[in-house]
Amino acid sequence: MEAGITKEKGKVARLAELSWKEFGELVPARYDAVVIPVGTVEAHGGIPLGTDIIIPEYLAERLAGRLNFIIAPTVNYGITRTMLPYPGSHAVAPATFRQYVTEVFVGFGRMGFRKLVVVNGHGGHVDELREAAQVAYRDADLFTVVLHWWLMAPEASEEVYGGEGGHAAAEETAGVLAARPELVKAALLAGLNAAKYEKGVFRMPFPRPVGVREFGKAMPSADVESAKKYMAVIEKRCVEAVEEAFAGWREELGR
Ligand SMILES: [Zn+2]
């Protein structure tokens, strides 16, 4: 079998599968960009505890298949907040997470990467990822794009699901359906209760295992065709966002 750089699924190269010699030959000469999925372990209504890991790993692989990236091993543990009391949820402290992801990003700069794409699956550590990206530039000259995929196509939620959902609702269910359809079990989606996001109201814990913007809209659905349609838009948006950032960096800053 040939060396780990081109096997399976097209041209996708995985950092953890390369030898140090292969890595030294490939980075930065052939790959100057790395993509890392970041998530958390958290209860998600009727879909898996690893939803925030599964979806960014899927998107990172799709991006790496279309753009010239190496896929880095995932950051699996994050800042779970309002879902923490639900069984199976896990959280690390915000300051620890911020410090850890910052050092992970800075480490990519030291390894020879010039550009980083973060595919984030979890809303609880958006601020920390932004701060880490800023430090990674200051300390390691790394240019970073952070993608919070579920925020990227509200009009596709409207079009496919009749409205925007939220935690463990139609969008995340679509992501798991695209990535790991066998993990979406219709019986677990039936009869789920959702709470509405209310302006000016904070609840700890979140009172229901699913969050939506409007009752009756964008509830979790096991419909594969809708999921494909929605996730195709997300994937396209992610590719466009990265290409746009890279083009700007190249043309304005010579990176
Ligand atoms: Zn989630």
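Select Y31 to begin: in this predicted model, Y31 counts as buried because 20 C-beta neighbours lie inside 10 Å, and a residue is buried if 20 or more other C-beta atoms lie within that distance. Y31 is placed in the loop between α1 (20-26) and β2. Display its contacts next. Leaving aside residues up to four places away in sequence, Y31 touches A13, L26, N68, F69 and I70. Then add G112, which is 81 residues from Y31 in sequence but 9.3 Å from Y31 in space, C-alpha to C-alpha.

**Strand β2**

Proceed along the chain to strand β2, residues 33-38, where six of the six residues are buried. Show the side chains. In a regular strand the side chains alternate between the two faces of the sheet. Here A33, V35 and P37 point one way, V34, I36 and V38 point the other way, and all are buried.

Which strands does β2 pair with? One partner is strand β4 (residues 115-120), joined to β2 in the parallel sense over six bridges. To locate this pairing, select I36 and V118 of β4, which stand opposite each other. Strand β3 (residues 70-71) also runs parallel to β2, with two bridges between them. In that pairing, V34 stands opposite I70 of β3. Trace the backbone from β2 through helix α2 (residues 51-66) to β3: this β-α-β crossover is right-handed.

**The sheet**

Colour the five strands of the open sheet, whose order is β1-β3-β2-β4-β5 and whose pairing is parallel. The edges are held by β1 (13-14) and β5, each with a single partner strand, so one side of each has no neighbour in the sheet. At the β5 edge, β4 and β5 pair in the parallel sense over six bridges. V118, already selected opposite I36, also stands opposite V146 in β5.

**Helix α4**

Select residues 126-140, helix α4. The 15 residues of α4 reach 21 Å from the first C-alpha to the last, close to the 21 Å expected at 1.5 Å a residue. Which residues of α4 are buried? They are E128, L129, A132, A136 and A140. These residues lie on the same side of α4, because they cover an arc of only 95 degrees around the axis. An α-helix has 3.6 residues a turn, so residues three or four places apart point the same way. On the other side of α4, D127 and R138 are exposed.

Now display the surroundings of the buried residues of α4: they pack against β2, α3 (94-111), β4 and β5 (143-148). Just after the helix comes D141, whose phi is positive, near 55 degrees.

**The whole protein**

Finally, zoom out to the complete model. The protein contains eight helices and seven strands. Its radius of gyration is 18 Å, close to the 18 Å that the globule rule gives for 255 residues, so the protein is as compact as a globular protein of that length. The C-alpha trace spans about 55 × 40 × 35 Å along its principal axes. Of the 255 residues, 45% count as buried. Among contacts with a separation of 6 or more, 74% involve residues 24 or more positions apart.

Conventions: Residues numbered from 1 in each chain as written. Predicted model: local features only at pLDDT ≥ 70, side-chain atom pairs only at ≥ 80, totals over all residues. Buried ≥ 20, exposed ≤ 12 C-beta atoms within 10 Å, placed from the backbone. Helix = DSSP H or I, 4+ residues; strand = E, 2+ residues; numbered from the N terminus. Pairing = 2+ DSSP bridges. Right-handed = clockwise from strand over helix to strand, strands pointing away. Expected span 1.5 Å × (residues − 1). Arc of directions from axis to C-beta. Contact = placed C-beta atoms within 7 Å. Rg over C-alpha atoms; globule rule 2.2 N^0.38 Å.
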